[in-house]
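Got your viewer ready? Let's take a short walk through this model, one selection at a time.

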Amino acid sequence: MTAIDDLGHITGLAYCLTTPEDLAPYAVDWRGAYRGQPIAVLRPGTTGEVAEAVKCCAAHGLAIVPAGGRTGLSGGAVVQQNGPPSIILSLERLNRIRGIDVRDFSIVAEAGCVVQTIQQAAADANRYFPIQWGAQGTAQIGGMLSTNAGGIRTLRYGNARDLVLGLEVVLPDGRVLDDLRRIRKDNSGYALRHLFIGGEGTLGIITAAALRLQPALKRLETAFVAVPSPDAALALFSRVMGCGADVVAFELCARFCLEMAGRHGVGLRIPMALDSPWYVMVELAAAHESVPLRDMLEGALADAMEKGEATDAVLAESEAQRLSFWKIREDYPECSRKEGPSLGTDTAVPVSSVPEFINTAERELKARWPDGRMAAIGHAGDGNIHLSLHAPAGFKGDRPAWIALCREMEPLVNAIAVSLGGSFSAEHGIGQSKRHAMATHKNPVALDVMQTLKHALDPQNRMNPGKVLP
Ligand SMILES: Cc1cc2nc3c(=O)[nH]c(=O)nc-3n(C[C@H](O)[C@H](O)[C@H](O)COP(=O)(O)OP(=O)(O)OC[C@H]3O[C@@H](n4cnc5c(N)ncnc54)[C@H](O)[C@@H]3O)c2cc1C
């Protein structure tokens, strides 16, 4: 029997894809930056089938690349080129919600559930699941946890990691680690789940998770604000944080980013003239209708204008307008992709260092690539700014041609973030794209402990080889 026969036997042949047309979508990442050919794509339907598949791959000497919604931005869900023979193990059929308990504010969902499905299930139960970002209609719970995703709500609710109560994981030897409990306190030794959250599939396959829910948000108020500088945005951040309401989003965008959204976005409407260098999107929320959010937001913005921290503001007048503001932010990555070649980064610094980070990077990038166009957008309320350098308008080459010209941009921006006490990998993960940065910036003792853990759990290096570790 061949490996494919054995794998097909586990899932049923219909769920073991091997034709070039079936494999093609799994052989390239969302950005089109990484390619790698799997020998098969396996789509198991139960945790038991995942466990059997892992044992079967070990017996046949195959490596396994877990795949969720394949929206990852670091090349993690694509087979490593020139790596060992690998299958993609897609979790898309493990998509059941196993239970929701409104009394203990929790939901138990399988790894292949799309994030938006969980948001909707929570809303239907008068609860709220707060991870939110542009790819939520495609990304899955397993991918969200394996990358420890952030998004626009991190400043209020934390990263994906902070929302996990328990996990079910298939280990590299095929055993199932069943830690799928909904309790809030458990100090019975090491919190093993945290190894797999942010593990990017290198230590095991997440098959289900018990997740925290929040009270449903009954009021939301959102403003689109023009600010003169990143320093002014930081002052505005302190002001709204002190206004008495929950600040659930605080995003900063350079004018260039909104220009790109205006140029390429389908159906996007930028709510004000683009005559300011910087813009902020701020959202306040409350779990009760009676909280006077509108007054709080208007008051904070009026004070900000008086102090010169803001120069103009538009408040969403309806739910449709509020959603249209957020669509600009959510569609931005796609608009940026349409603008042409660029090289991006995913850094975080302490919130108070955001202005210094942006100002220093802008100065350095201008000095080295005067024709490049810097885009800066991000979750300023948690310190995570995505800086990228776009090729000049009219650039004739493709992405590799642009990268050849500005390859040093990423290490430069990473070094600025790290020098300010920040991280070179805030929320997208390491995958293939930041392994070199791990070698440069990761604390050597931390790296050594990571290697030890990897070897202990996956001595044959079968789980997602060529990812995360340098
Ligand atoms: C338009 C757009 C906007 C985005 N905005 C944000 C943002 O604001 N914040 C943010 O954090 N990210 C953002 N991302 C990145 C991406 O959506 C997240 O990283 C997401 O969590 C990936 O989920 P996925 O299901 O698509 O995972 P995939 O891309 O399929 O996989 C990502 C990694 O996780 C591993 N993996 C997947 N499923 C499992 C599993 N069940 N068990 C073990 N390992 C697994 C894969 O091997 C891979 O290494 C954005 C992406 C896009 C395209």
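For our first stop, a residue is near a molecule if its C-beta atom, placed from the backbone, lies within 6 Å of it. Keep in mind that this is a predicted model.

**Stop 1: the ligand.** Select the ligand and the shell of 37 residues around it. Those that come nearest are Gly68, Gly72, Gly76, Gly142 and Gly143. Now colour strand 3 (63-67), helix 5 (141-146) and strand 10 (205-212), the elements that each give two or more residues to this shell. Which of them gives the most? Helix 5 does, with four residues. Colour the shell by class and you should find 16 nonpolar, 17 polar and four charged residues.

**Stop 2: a helix pair.** Next, select residues 255-264, which form helix 9, and residues 319-338, which form helix 11. Their axes lie 8 Å apart and meet at an angle of about 80°, so the two helices are roughly perpendicular to each other. To see the contact, show Cys257, Met260, Ala261 and His264 on helix 9, then Ile328, Asp331, Tyr332, Cys335, Ser336 and Lys338 on helix 11. By class, this contact has six nonpolar, two polar and two charged residues.

**Stop 3: the domains.** Zoom out and give a colour each to domain 1 (97-215), domain 2 (219-338) and domain 3 (342-428), as the domain assignment has them. The centres of domain 1 and domain 3, taken over C-alpha atoms, are 30 Å apart. Where these two domains touch, six residues of domain 1 are in contact with seven of domain 3. The domain 1 side of that contact has three nonpolar and three polar residues, with no charged ones.

Conventions: Residues are numbered from 1 along each chain as its sequence is written. This is a predicted model: local features need pLDDT of at least 70, side-chain atom pairs count only at pLDDT 80 or more; totals for chains, interfaces and linings use all residues. Ala, Val, Leu, Ile, Met, Phe, Trp, Tyr, Cys and Pro count as nonpolar, Asp, Glu, Lys and Arg as charged, and the others, Gly among them, as polar. Axes are lines fitted to C-alpha atoms, for helices over the stretch in contact, and angles run from 0 to 180 degrees between N-to-C directions. Angles under 35 degrees count as roughly parallel, over 145 as roughly antiparallel, 65 to 115 as roughly perpendicular and the rest as oblique. Domain bounds come from an automatic or database domain assignment.
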